[in-house]
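Q: Could you take me through this structure? I would like to start with the terms and then look at the parts.

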Amino acid sequence: MTHYAFRYGYGILLVAAIASLARPVAADFSISYDIPAIATLTEAEASILEEALHESAEIWESLILGHASQPNLSIPIRVNLTDTGLASARPNNVRTINGFTYPTSGTVWMNREEILPATNGLGIAEGVDIITELLAHETAHVLGFGTLWQQNDLYVPGSGKYTGQHGLA
């Protein structure tokens with residue numbers, strides 16, 4: 001396995017380049033999800049959502065190995081069920097370390113009516129189960145992808161481009 005260190009400000013996230021996301025890596029980074037209204041879902045919906053969130057956490061936990069100045073980093077994420085839209089997310093609380101802003105918790109909103117359709121491509125990619133990828137994408141927003149770039153001088157408003165020095169090809 002090859003490890004890369006990406007430097008953002010004074011913080012360092014260790015990212016592992018791995019061939020298969022199916023094998024989680026032991027790390028000092030973890031994500032936990034809380035679904036307060038899970039009892040309002042059918043058994044099938046609850047099972048699908050819990051499995052997809054577990055797989056999403058495994059994806060991110062296998063890629064982010066920790067933070068240089070914050071050992072045993074854990075990000076709690078609340079999953080709120082909605083009746084509108086598809087899904088969205090944001091960090092709730094942040095912490096600034098050496099001038100760089102990091103998330104410490106967040107929220108994902110998931111439309112309860114889209115859980116089952118997301119297992120069959122949402123009418124766009126019929127037969128393709130995209131719920132894990134959808135929730136991994138939303139989790140990325142909680143982790144700061146696209147949501148904390150401006151605060152960390154990694155994005156010029158209106159440009160549509162990430163401008164972090166290690167994010168450029």
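A: One term comes before the rest: buried means under 20% relative accessible area, exposed means over 50%, and partly exposed lies in between, with a 1.4 Å probe and protein chains only. This is a predicted model, in which local features need pLDDT of at least 70, side-chain atom pairs count only at pLDDT 80 or more, and totals for chains, interfaces and linings use all residues. Residues are numbered from 1 along each chain as its sequence is written, and side-chain values use heavy atoms, with hydrogens and water left out.

Q: How many helices and strands are there in the protein chain?
A: The protein chain has three helices and seven strands. Helices (H or I, at least four residues) and strands (E, at least two) are DSSP runs, numbered from the N terminus. Along the sequence, their pattern is β-β-β-α-β-β-β-β-α-α.

Q: What share of the residues count as buried?
A: Of the 169 residues of the protein chain, 37% count as buried.

Q: Let us turn to the sheet. What is the order of its strands?
A: The order is β3-β5-β7-β6, in an open sheet of four strands with mixed pairing. Two strands pair if DSSP finds at least two bridges between them.

Q: Which strands stand at the edges?
A: Strands β3 and β6 do, each with a single partner strand, so one side of each has no neighbour in the sheet.

Q: How do β3 and β5 run, parallel or antiparallel?
A: They run parallel and are joined by six bridges. One pair to look for is Ser30 with its bridge partner Ser74 in β5.

Q: And what joins β5 to β7?
A: Six bridges join β5 (residues 73–82) to β7, and these strands run parallel. Arg78 has Thr107 as its bridge partner in β7, Leu81 stands opposite Met110, and Thr82 is partnered by Asn111.

Q: How many bridges join β6 to β7?
A: There are 10 bridges between β6 (residues 87–97) and β7, which run antiparallel. Thr96 stands opposite Thr101 in β7. The two strands form a hairpin with two residues between them, and Asn98 in the turn has a positive phi of about 50°.

Q: Is β7 mostly covered or mostly open, and what about β5?
A: Strand β7 (residues 100–111) is mostly covered, with 10 of its 12 residues buried. Strand β5 is mostly covered too, with seven of its 10 residues buried.

Q: On to the helices. Why does the span of α1 agree with what is expected?
A: The 21 residues of α1 should span 30 Å at 1.5 Å a residue, and the end C-alpha atoms are 31 Å apart, which agrees. The expected span of a helix is 1.5 Å times one less than its number of residues.

Q: What about the span of α3?
A: Helix α3 (residues 131–142) reaches 17 Å from its first C-alpha to its last, close to the 16 Å expected for its 12 residues. After α3 comes Gly144, whose phi is positive, near 110°.

Q: How many residues of α3 are buried?
A: Nine of its 12 residues are buried, so that α3 is mostly covered. Among them are Ile131, Leu134, Leu135 and Val142. What covers the buried residues of α3 includes α1 (43–63), α2 (115–118) and strands β3 (29–34), β5, β6 and β7. Contact here means heavy atoms within 4.5 Å.

Q: How do the axes of α1 and α3 cross?
A: They come within 8 Å and cross at roughly 55°. That makes α1 oblique to α3. The contact is made by residues including Leu49, Ala52 and Trp60 of α1 and Leu135, Ala136 and Thr139 of α3.

Q: What do "axes" and "oblique" mean exactly?
A: Axes are lines fitted to C-alpha atoms, for helices over the stretch in contact, and angles run from 0 to 180 degrees between N-to-C directions. Angles under 35 degrees count as roughly parallel, over 145 as roughly antiparallel, 65 to 115 as roughly perpendicular, and the rest as oblique.

Q: One last residue: why does Glu50 count as partly exposed?
A: Glu50, which is found in helix α1, counts as partly exposed because its relative accessibility is 45%. Glu50 touches Ile35 and Ile38, not counting residues up to four places away in sequence. Glu50 and Tyr33 are 17 residues apart in sequence and 8.8 Å apart in space, C-alpha to C-alpha.
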